[in-house]
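Trainee: Please take a close look at one part of this model, namely its disulfides. Where do they sit, and what do they join?

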Amino acid sequence: MRGAARAARGRAGKLWPRPPAPGPGPPPPPLLLLLLAALLGGAGAQYSSDLCSWKGSGLTHEAHRKEVEQVYLRCSAGSVEWMYPTGALIVNVRPNTFPPSRHLTLCIKPLRDSSGANIYLERTGELKLLVRDGDRGPGQVRCFGFEHGGLFVEAAPQQDISRRTTGFQYELTSRHAGSDLHALSAPCCPCSDAEVLLAVCTSDFVVRGSIQNVTHAPEQQESTIHLHVSRLYRQKSRVFRPAPEGGGWRGRVATLLECGVRPGRGEFLFTGHMHFGEARLGCAPRFKDFQRMYRDAEERGLNPCEMGTE
């Protein structure tokens, strides 16, 4: 694998030798220069891209060559869509802030029906498989520390590349991959007291409420938790909206099917993050347990932030 990655970087960005320049002659008029520049620019632009997303096609490669393309993205969120994949891509994601945060996490989520290539984490010439070709199992989202390396997308060997498109969404955040991405790293394990207290301070939503219903989607290996919220501490993207009948808010959050969430009595403190436009459940202790751990930490002066517990 190390040799493949080095060879890929060596082949990336190579250009065919240009023909020798013609002999001296009168300079072309400015309008002709502009037209010539536009034509040359269009001939070299095989792919469409902006700062956030990239879309391209392997059909631009010659059939006998396994080219490696460099893709540069400078945004906090976007997507990559590679039709008829052949050869490989090196995807370079860079933060769009200066100075960049010291702790960045990159998350990727394959698009529905993505196929035709494997996605690797590339670090100092070593490749670690993140998403296997056609993998649509549980835990589709993969997160890792941004300093760990970039993405290497390699087309899988196949006889027919028709109707194959490899694609994924990405998000670059300043959250740590270990603690506040708890829902992705260990979604079904109870949070420790320290993880709960940190989640209260760093989550995209923090609410007190009860579970009204749980619906399951076995084909997506996910469950949707329908909540009735009695107190709204914080939310992002209006996940929870006022209940039509009044007296609180309603909303829903997602988690993995394997967690086995069921409706139950009592109130909980629900925390979590927005990922790819969807609210994902993080730590969710019973509210009485949260009150206990919050007061214990408060007495010892260990609370990372303050909030009402009544």
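Mentor: What follows goes through the disulfides one pair at a time, after a short view of the chain.

This is a predicted model. The chain has 310 residues, of which 40% count as buried, and it contains 5 helices and 17 strands. Among contacts with a separation of 6 or more, 64% are between residues 24 or more positions apart. About 18,000 Å² of the chain is exposed, with 54% of that area supplied by carbon and sulfur atoms.

The structure holds 4 disulfides. A disulfide is a covalent bond between the sulfur atoms of two cysteines. Three of the pairs are described here, starting with cysteine 52 and cysteine 75, whose sulfur atoms are 2.0 Å apart. Cysteine 52 belongs to the loop between strand S1 (48-49) and strand S2 (54-57), and cysteine 75 to the loop between strand S3 (68-74) and strand S4 (77-83), so this disulfide ties together parts 23 residues apart in sequence. The link is right-handed, with 50° about the S-S bond. Its two ends fall in separate burial classes: cysteine 52 is partly exposed at 24% relative accessibility, whereas cysteine 75 is buried at 10%. The cut-off for buried is under 20% relative accessible area.

Next is the disulfide from cysteine 107 to cysteine 143, with an S to S distance of 2.0 Å. Here both ends lie in strands: cysteine 107 in strand S6 (residues 105-110) and cysteine 143 in strand S9 (residues 142-145), so the bond ties together parts that are 36 residues apart in sequence. The angle about the S-S bond is 110°, and the link is right-handed. Cysteine 107 is buried, with 1% relative accessible area, while cysteine 143 counts as partly exposed at 26%.

The pair of cysteine 201 and cysteine 305 also has an S to S distance of 2.0 Å. It links distant parts of the chain, 104 residues apart: cysteine 201 is in helix H4 (residues 193-202), and cysteine 305 is in the segment after helix H5 (287-299). This link is left-handed, with -95° about the S-S bond. Cysteine 201 is partly exposed, at a relative accessible area of 23%, and cysteine 305 is likewise partly exposed, at 24%.

One further cysteine can be placed by its accessibility: cysteine 189 is partly exposed at 47%.

Technical notes. Residues numbered from 1 in each chain as written. Predicted model: local features only at pLDDT ≥ 70, side-chain atom pairs only at ≥ 80, totals over all residues. Heavy atoms only, no water. Helix = DSSP H or I, 4+ residues; strand = E, 2+ residues; numbered from the N terminus. Buried < 20%, exposed > 50% of the residue type's maximum accessible area, 1.4 Å probe, protein only. Contact = heavy atoms within 4.5 Å. Areas by Shrake-Rupley, 256 points an atom, 1.4 Å probe, with all protein chains shown as cover. Disulfide = S-S within 2.5 Å.
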